[in-house]
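This report walks through a few regions of one structure. It covers cores, a strand, a loop residue and cavities.

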Amino acid sequence: MAEIRPFCAYRPKKGLEGRIAALPYDVYNRAEAKAEVQKEPLSFLSVDRAETQFDDSVDVYADCVYEKARELLWKRIEEGYFVQEESPVYYIYELIMDGRSQTGITACASVDDYLGQVIKKHENTRADKEADRIRHVEACDAQTGPIFLAYRSRPVINEIVAAYKKEEPLYDFMAEDGITHRVWRIGRSQDVDAIHAAFSEINEIYIADGHHRCASAVKVSQMRRQAKPGYTGEEPFNFFLSVLFPDDQLMIMDYNRVVKDLNGYTEEEFLGKIGESFDIEECGEGVSHRPEAKAVFGMCLDGKWYRLKARPEICPTDPVKGLDVSILQDNLLGPVLGIKDPKTDKRIDFVGGIRGMKELERRVNEDCRVAFAMYPTSISELFAVADAGELMPPKSTWFEPKLRSGLFIHSLREK
């Protein structure tokens with residue numbers, strides 16, 4: 001049973017939400033983050049990526065960077081750029097991209113649910129990336145970036161959300177990238193109680209995106225538990241900031257592959273090797289290059305598009321081996337192109353579906369030899385992998401739109 005709690009969030013003062021809300025810290029490189037903060041000094045990137053306040057001679061992991069993040073966050077709270085709820089509430093958070101809406105509940109999820117595998121992961125995390133966010137959370141004494149969670153849709157939660165969405169939103173703004181963000185506060189006690197009770201009946205919740213932020217929040221909690229042996233379980237550090245979406249609201253985009261060379265093969269030899277496991281069809285003019293079914297791949301090679309259809313004998317039912325990303329890796333990228341470890345091989349790169357098919361063509365024209373367009377992993381496949389206690393292969397899912405940081409802050413300071 002999941003413990004999903006309302007909380008006393010810090011959130012932007014009305015009218016500042018559009019200036020403060022920022023994309024996640026890890027979608028920018030250093031130069032891009034600095035440019036964003038120069039353009040909008042109130043952007044929450046200045047807190048999430050506090051190296052933007054220093055010249056490039058300062059290491060991004062220097063102690064002064066984390067100290068600056070803490071200073072900026074609490075100074076802005078003290079100066080009234082943020083307000084805090086007087087009593088615990090939930091929030092409805094709606095994101096609209098290209099006319100498509102997805103709506104979740106902003107709340108605090110339980111560290112114990114993560115440790116007890118009620119909240120399930122599908123990716124491993126890297127120690128260096130965890131260490132950065134651990135230091136950031138510890139320095140700020142707050143969680144500033146929400147973890148993207150998913151659950152199987154519940155009618156009672158949907159009905160409450162639908163009723164609130166008929167009311168005037170707390171926030172309603174369009175970001176520079178064209179994504180609309182709307183927020184409603186769920187403060188009526190009967191609705192707060194009903195949502196809490198509905199989540200308590202759910203036995204499985206899944207991390208969709210934000211594995212490193214989640215793992216870091218959990219490790220900070222464990223550190224604080226060790227420092228406070230008599231902890232009660234009610235302290236703020238026992239919970240982490242989340243937005244929870246019902247599965248029927250979510251869309252996973254394709255996560256495509258581009259490869260630098262053909263591993264020594266000529267084009268004719270390469271197509272011959274592929275033909276041992278896939279049916280190959282050259283796409284004519286006007287034919288969509290985007291795969292429209294599972295186990296079908298688009299391939300751009302020397303300016304031509306092909307449709308590759310995996311034969312049944314290479315499509316296992318195993319929840320991991322049966323993923324399209326696994327089928328391509330195990331039957332083409334690995335044995336034919338020699339990409340043994342896609343996490344470390346410099347010959348392969350990954351292109352999020354948000355960039356479209358034209359980006360794959362551009363990469364083949366400029367710095368790669370071949371590109372593969374993937375059919376998106378489904379949310380049910382993600383659930384199946386997590387339920388089996390397995391892990392997704394690297395770069396299996398691309399979620400859009402991204403949750404904004406700075407709209408909700410979970411303070412770890414105890415009252």
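## Nonpolar cores

A nonpolar core here is a set of buried Ala, Val, Leu, Ile, Met, Phe, Trp, Tyr and Cys residues joined through side-chain atoms within 4.5 Å. The model is predicted. Its largest nonpolar core has 66 residues. Within that core, F270, M299 and F372 touch the most other members. Another core lies apart from it, with 33 residues. Y151, A198, F199 and I205 are among them.

M299 shows how such contacts spread along the chain. Leaving out residues up to four places away in sequence, M299 touches F270, L271 and I274. It also touches K304, W305, Y306 and L308. V370, A371 and F372 complete the list. In soluble globular proteins, nonpolar side chains tend to be buried together.

## Strand 14

Strand 14 spans residues 255-259. How many of its five residues are buried? Five of the five are, so the strand is largely enclosed by the rest of the structure. The cut-off for buried is under 20% relative accessible area.

In a regular strand the side chains alternate between the two faces of the sheet. Both faces of strand 14 are covered. Y255, R257 and V259 are buried on one side. N256 and V258 are buried on the other.

Which strands pair with strand 14? One is strand 18, residues 348-352, which runs antiparallel to strand 14 and is joined to it by five bridges. In that pairing, V258 has D349 as its bridge partner. Strand 19, residues 370-373, also pairs with strand 14 in the antiparallel sense, over three bridges. There, V259 stands opposite V370. V370 is also one of the residues that M299 touches.

## V89 in its loop

V89 sits in the loop between strand 3 (82-84) and strand 4 (90-97). Is V89 buried or exposed? Its relative accessibility is 3%, so V89 counts as buried.

Not counting residues up to four places away in sequence, V89 touches P6 and F7, along with R185, I186 and G187. V89 and Y255 are 166 residues apart along the chain. Their C-alpha atoms are separated by 36 Å.

## Cavities

The whole structure holds four cavities of 30 Å³ or more. The largest encloses about 110 Å³ of space. Its lining has 13 residues, and R133, V137, T144, G145 and R213 are the closest to its centre.

Helix 6 (127-140) and helix 9 (211-227) are the elements that give two or more residues to this lining. By class, the lining has four nonpolar, six polar and three charged residues.

Definitions and conventions
Residues are numbered from 1 along each chain as its sequence is written. This is a predicted model: local features need pLDDT of at least 70, side-chain atom pairs count only at pLDDT 80 or more; totals for chains, interfaces and linings use all residues. Side-chain values use heavy atoms; hydrogens and water are left out. Buried means under 20% relative accessible area, exposed over 50%, partly exposed in between (1.4 Å probe, protein chains only). Helices (H or I, at least four residues) and strands (E, at least two) are DSSP runs, numbered from the N terminus. Two strands pair if DSSP finds at least two bridges between them. Contact means heavy atoms within 4.5 Å. On a 1 Å grid over the protein atoms alone, a cavity is a set of points where a 1.4 Å probe fits but cannot get out, and a pocket is an open set with protein on both sides within 12 Å along at least five of seven lines; lining residues have an atom within 4 Å of a point. Grid points are joined across faces, edges and corners, and a volume is the space filled by probe spheres set on the points. Ala, Val, Leu, Ile, Met, Phe, Trp, Tyr, Cys and Pro count as nonpolar, Asp, Glu, Lys and Arg as charged, and the others, Gly among them, as polar.
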